[in-house]
Amino acid sequence: SNKNDILNALGPPSSKSTFNENIWIYIERKKESTSILTLGRKKLIKNNVLVVKLDNFGILKEKNIYDLNNYTNLKFSQTLTSQGYEKNSYVYNVLTSLRNKINAPITKKRTKK
């Protein structure tokens, strides 16, 4: 399959990857109302996600289907994103100085009479 076949069969993707335009994500979600005793809460019936990976020429390279049963098998990265600034950096010092000047009380200059 290629990009055009996928668009004709499934339509435009629900989402595209932020970091790679060749990863398309299709989401199917269906909820059903439960009994009146549960105050109108909805039960999740379907929650299917199709992840389609294309190569640079638009040819289907890989597809993965995730449903309610295999979401628990997903592994997430445990690494943390570091801050873009540190307390001793130049940008931090400039922004702190500006904040202090903005928050400082306004002093009125005396005018000569």
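**Exercise 1.** Is Lys46 buried, partly exposed or exposed, and what is its relative accessible area?

*Solution.* The model used here is a predicted one. Begin with the relative accessible area of Lys46, which is 37%. Partly exposed is the class between under 20%, which is buried, and over 50%, which is exposed, so Lys46 counts as partly exposed.

**Exercise 2.** Find the salt-bridge partner of Lys46, and state where in the chain the two residues lie.

*Solution.* The partner is Glu28, and the closest N and O atoms of this salt bridge are 3.6 Å apart. The pair links distant parts of the chain, since Lys46 belongs to strand S3 (residues 42-54) and Glu28 to strand S2 (residues 23-33), with their positions 18 residues apart in the numbering. Glu28 is partly exposed, at a relative accessible area of 36%. As background, side chains of opposite charge can pair when their charged atoms come close.

**Exercise 3.** How many salt bridges does the structure hold, and which residues pair with Lys16 and Lys53?

*Solution.* The structure holds 3 salt bridges, one of which is the pair of Lys46 and Glu28 already treated. Lys16 is joined to Glu21, with 4.0 Å between the closest N and O atoms. In this pair Glu21 is exposed, at a relative accessible area of 53%, while Lys16 is partly exposed, at 40%. Lys53, in turn, meets Glu62 through their side chains, at 4.0 Å from N to O. Here Glu62 is partly exposed with a relative accessible area of 34%, and Lys53 is partly exposed as well, with 26%.

**Exercise 4.** Decide whether Asn47 is buried or exposed, and name the side chain that it contacts.

*Solution.* Asn47 is located in strand S3. Its relative accessible area is 11%, and the cut-off for buried is under 20%, so Asn47 is buried. The side chain of Asn47 makes a polar contact, at 3.5 Å, with the side chain of Arg29.

**Exercise 5.** Describe what is found at the start of helix H1 and what follows this helix.

*Solution.* Helix H1 covers residues 3-10, and at its start a side-chain oxygen of Asn2 comes to within 3.1 Å of the backbone nitrogen of Asn4. After H1 comes Gly11, which has a positive phi, near 85 degrees.

**Exercise 6.** Which residues form the nonpolar patch on the surface?

*Solution.* The patch is formed by Tyr90, Val91, Val94, Leu95 and Leu98, which together have about 510 Å² of accessible area. One of these residues, Val91, can be placed in helix H2 (residues 90-103).

Conventions
Residues numbered from 1 in each chain as written. Predicted model: local features only at pLDDT ≥ 70, side-chain atom pairs only at ≥ 80, totals over all residues. Heavy atoms only, no water. Polar contact = N/O pair within 3.5 Å; in protein donor to acceptor, adjacent residues only side chain to side chain. Helix = DSSP H or I, 4+ residues; strand = E, 2+ residues; numbered from the N terminus. Buried < 20%, exposed > 50% of the residue type's maximum accessible area, 1.4 Å probe, protein only. Patch = residues over 30% accessible without salt bridge, like charges linked within 9 Å, V, L, I, M, F, W, Y side chains within 5 Å. Areas by Shrake-Rupley, 256 points an atom, 1.4 Å probe, with all protein chains shown as cover.
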